[in-house]
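Biologist: I am new to this model. Please take me through a close look at one part, then show me how the rest fits around it.

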Amino acid sequence: MKIISGKFKGKKLISSTNNKIRPTSSRAKELIFSTLHSILKKKELYIENLNILDCFCGSGALGLESISRGCRKVYFLDKSIESINITKKNCKAINVEKFAVFLNLDFRDINLPPIEVDLFFLDPPYNHFVISNVLETLRNLKLIKKGSIGIVELPKKKNIESFEGYNIIKEKKVSNSLFYFIQKD
């Protein structure tokens, strides 16, 4: 697993030996970030100005890719201490800890620090969460501000026609994954 673009292009990342953590493939990252670039450009937004939430961060691959591309800050959120530790090691390996905040908490934890992000990645363990409930919780905890853009990864067989409180911008498929690009109303 490697960073595919930006300042740290080609840097290897540590991934878990735990099969519960699904690292995002290079092909999927390429699709995510090329689509995201197009969306941001149309909205006259720049990744360099964005605070990002990598929710269910796993190895931190999506947040680290964002840091490599110059984002302002990434909040890595995962209740798994293994995931947070792997993410910390990956950040330390490329010396980007100053751009990272590590939150070893459940996304439903009301003790989350007050943050508002411009962009979020949501890649929960497949079939463990109802996405609409996760989005509602993030909205209720005021982590996601109006106009924020999100990328939600689901299994390819799980189409969702709408997300309450969010508009679907694009839908893309890669391998066994389905990606929704959404924006908060």
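Is Ile-131 buried or exposed?

Modeller: Ile-131 is buried, because its relative accessible area is 4%. Buried means under 20% relative accessible area, exposed means over 50%, and partly exposed lies in between (1.4 Å probe, protein chains only). Bear in mind that this is a predicted model: local features need pLDDT of at least 70, side-chain atom pairs count only at pLDDT 80 or more, and totals for chains, interfaces and linings use all residues. Residues are numbered from 1 along each chain as its sequence is written, and side-chain values use heavy atoms, with hydrogens and water left out.

Ile-131 sits in helix α4. Helices (H or I, at least four residues) and strands (E, at least two) are DSSP runs, numbered from the N terminus. Now look along the chain to Ile-160. It is 29 residues away from Ile-131, and the C-alpha atoms of the two are separated by 9.2 Å.

Helix α4 covers residues 131-140. Follow the chain past this helix and you reach a loop that leads to β5. Lys-142 is in that loop. This lysine is exposed, with a relative accessible area of 59%. Its phi is near 60°, a positive value in a residue other than glycine. Most residues other than glycine have a negative phi.

Asn-95 gives a second case. Its phi is also a positive value near 60° in a residue other than glycine. Asn-95 belongs to the loop between α3 (81-93) and β3 (100-103). It is exposed too, at 60% relative accessible area. Compare the C-alpha atoms of Asn-95 and Leu-112: these residues are 17 apart along the chain, and the atoms are separated by 25 Å.

Gly-60 is also worth a visit. Its place is the loop between β1 and α2 (61-68). Gly-60 counts as buried, because its relative accessibility is 0%. From Gly-60 to Leu-77 there are 17 residues along the chain, yet their C-alpha atoms are separated by 9.1 Å.

Step back to β1. This strand spans residues 51-55 and is mostly covered, with five of its five residues buried. In a regular strand the side chains alternate between the two faces of the sheet. Here both faces are covered. On one side, Asn-51, Leu-53 and Cys-55 are buried. On the other side, Ile-52 and Asp-54 are buried as well.

β1 has a partner. It pairs with strand β2 (residues 73-77) in the parallel sense, over five bridges. Two strands pair if DSSP finds at least two bridges between them. Within this pairing, Ile-52 stands opposite Val-74 in β2.

Next come the charged contacts. A salt bridge is a side-chain nitrogen of Lys or Arg within 4 Å of a carboxyl oxygen of Asp or Glu. By this rule the model has three salt bridges.

One of them joins the side chains of Lys-145 and Asp-118, at 2.8 Å from N to O. This pair links distant parts of the chain: Lys-145 is in strand β5, Asp-118 is in strand β4 (residues 117-122), and they are 27 residues apart. Lys-145 is partly exposed, with a relative accessible area of 31%. Asp-118 counts as buried, because its relative accessibility is 15%.

Another salt bridge brings together the side chains of Arg-108 and Asp-106, again at 2.8 Å, N to O. Arg-108 counts as partly exposed at 42% relative accessibility. Asp-106 is buried, at 18% relative accessible area.

Arg-69 and Glu-65 also form a salt bridge between their side chains, at 3.2 Å from N to O. Arg-69 is partly exposed, with a relative accessible area of 22%. Glu-65 is buried, and its relative accessible area is 0%.

Finish at the far end of β5. This strand covers residues 144-155, and a loop runs between it and β6 (166-174). Lys-156 lies in that loop. It is partly exposed, with a relative accessible area of 36%.

Now return to the starting point. Ile-131 is buried at 4%, in helix α4. Lys-142, in the loop between α4 and β5, is exposed at 59%.
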